Amino acid sequence: MNAPKGGLVIFTANSNPSCMELGKRISERLGVMLGKVQVYQETNRETRVQIQESVRGKDIFIIQTVSKDVNTAIMELLIMVYACKTSCARSIIGVIPYFPYSKQCKMRKRGSIVSKLLASMMCKAGLNHLITMDLHQKEIQGFFNIPVDNLRASPFLLQYIQEEIPDYRNAVIVAKSPSSAKRAQSFAERLRLGIAVIHGEAQDAESDLVDGRHSPPAVKNIGAIHPSLDIPLLIPKEKPPITVVGDVGGRIAIIVDDIIDDVDSFLAAADTLKERGAYKIYVMATHGILSCHAPRLIEESAIDEVVVTNTIPHEIQKLQCPKIKTVDISMILSEAIRRIHNGESMSYLFRNIGVDD
């Protein structure tokens, strides 16, 4: 990789040492030292950021990985971006592999679209460009009024399948729900494998009870509706029995998704696949949040291996569960930083990437 020209400074906004590993890997690949900055928490839990070198007229790249304390990570990022802005940095680019609150990108009942709020806060703080990876919904890019490069981890996961899974030609790519079918289809087409879809599990995020469509109108407002209007009512949804569309008998089942957090749905999918005759089960995803008791549950489950990238630090979870494996994606982030700093095209990083990938 060609070394970038001068005027580049890379900061890591994490006060937690375990979260700084990705920043160190990126800086080593680029052949530059991490910028000198001090990020810490006051005794009253206020975040303090002190930049210890000049950033005037330079391209600043701020790497922020999200640990369990999501809100502290967000404040660290915002304060550091604003500090660089007020110190006359030429441009400020955020490198946020996992975009927090990305699951809250749709209106649910009487809630709010939190990812839109977070995007506005980042832009207001002074961010000029965002580099992220595998957004939960690609429409989140529209929440920003700055350029957003949504990189893909699929090339690294596909390479892992080809190099680390013996007899992967006897595998089938599995979507644990119909909403994951496009991702599974993309993996299957690139690996020339078959696809299976598990249908029938509870659709928590899309249920009528969650998003408010089940709520009846208030009684006092009924009189305002014209008597001639007859609003049609939809037939209520009924959960069908769990079925697997596709043949997994005697095959290796590879479940693909973008985020692994609460693992209950993955465990249920693994049990279903075992019942249908799959003899080995892998789970692959970009972001391994693995909250609460996820490592213990994975260790006790029918899943043989969970493969995630290092967009989120999970060294503690790996100590608790040897089934968890990590794929390094610092290479593509380093190349994105180099190309943006040198004013080169980013299209090379999106070659053969389709709309549905």
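I will walk you through two sheets, some of the helices that lie across them, and one aromatic pair in this structure. Please keep in mind throughout that this is a predicted model.

Let me begin with the sheet of five strands, which is open, has parallel pairing, and follows the order β1-β4-β5-β6-β7. The edges are taken by β1, residues 8-12, and β7, residues 148-151, and because each of them has a single partner strand, one side of each is left without a neighbour in the sheet. On average, and with direction ignored, neighbouring strands of this sheet are turned by 15° against each other. If we look inside the sheet, β4, which covers residues 59-63, runs parallel to β5, residues 91-96, and five bridges join the two; to give you a place to look, F61 stands opposite I93 in β5.

Now to the helices that go with this part of the chain. Helix α2, residues 70-86, lies across β1, β4 and β5, and its direction is at about 170° to that of β4. Helix α2 also has a helical neighbour, since its axis and that of α3, residues 114-125, come within 8 Å and cross at roughly 25°, and with angles under 35 degrees counted as roughly parallel, α2 is therefore roughly parallel to α3.

Which residues in α2 and α3 meet? On the α2 side they are I74, L77, L78, V81, Y82 and K85, and on the α3 side they are L118, M121, M122, K124 and A125. Sorted by character, the residues of this contact divide into nine nonpolar and two charged, with no polar ones.

A word on annotation, which I pass on as it is recorded: an unreviewed UniProt entry places "domain: Ribose-phosphate pyrophosphokinase N-terminal" on residues 9-126. In the model, that span is 33% helix and 21% strand, and its end C-alpha atoms lie 16 Å apart.

Next comes the aromatic pair, and the structure holds one. F99 and F144 form this pair, which is edge-to-face, with 5.6 Å centre to centre and 70° between the planes. F99 lies in the loop between β5 and α3, whereas F144 lies in the loop between β6, residues 129-133, and β7, so the pair ties together parts that are 45 residues apart in sequence.

Let me finish with the sheet of seven strands, an open one with mixed pairing, in the order β10-β9-β8-β11-β12-β13-β14. Its edge strands, each pairing on one side only, are β10 at 243-245 and β14 at 324-327. Here neighbouring strands are turned by 25° against each other on average, again with direction ignored. Within this sheet, β8, residues 171-175, and β9, residues 194-199, pair in the parallel sense over four bridges, and V172 has G194 as its bridge partner in β9.

Where do helices α4 and α8 lie? Helix α4, residues 154-164, lies across β11, β12, β13 and β14, running at about 155° to β12. Helix α8, residues 264-275, lies across β8, β9, β10, β11 and β12, and runs at about 170° to β11.

Technical notes: Residues numbered from 1 in each chain as written. Predicted model: local features only at pLDDT ≥ 70, side-chain atom pairs only at ≥ 80, totals over all residues. Heavy atoms only, no water. Pairing = 2+ DSSP bridges. Axes fitted to C-alpha atoms, helices over the stretch in contact; angles between N-to-C directions. Contact = heavy atoms within 4.5 Å. Parallel < 35°, antiparallel > 145°, perpendicular 65-115°, else oblique. Nonpolar A, V, L, I, M, F, W, Y, C, P; charged D, E, K, R; others polar. UniProt positions renumbered as here; feature names shortened; annotations may be inferred. Phe/Tyr/Trp six-rings, centres within 6.5 Å; stacked < 30°, edge-to-face > 60°.
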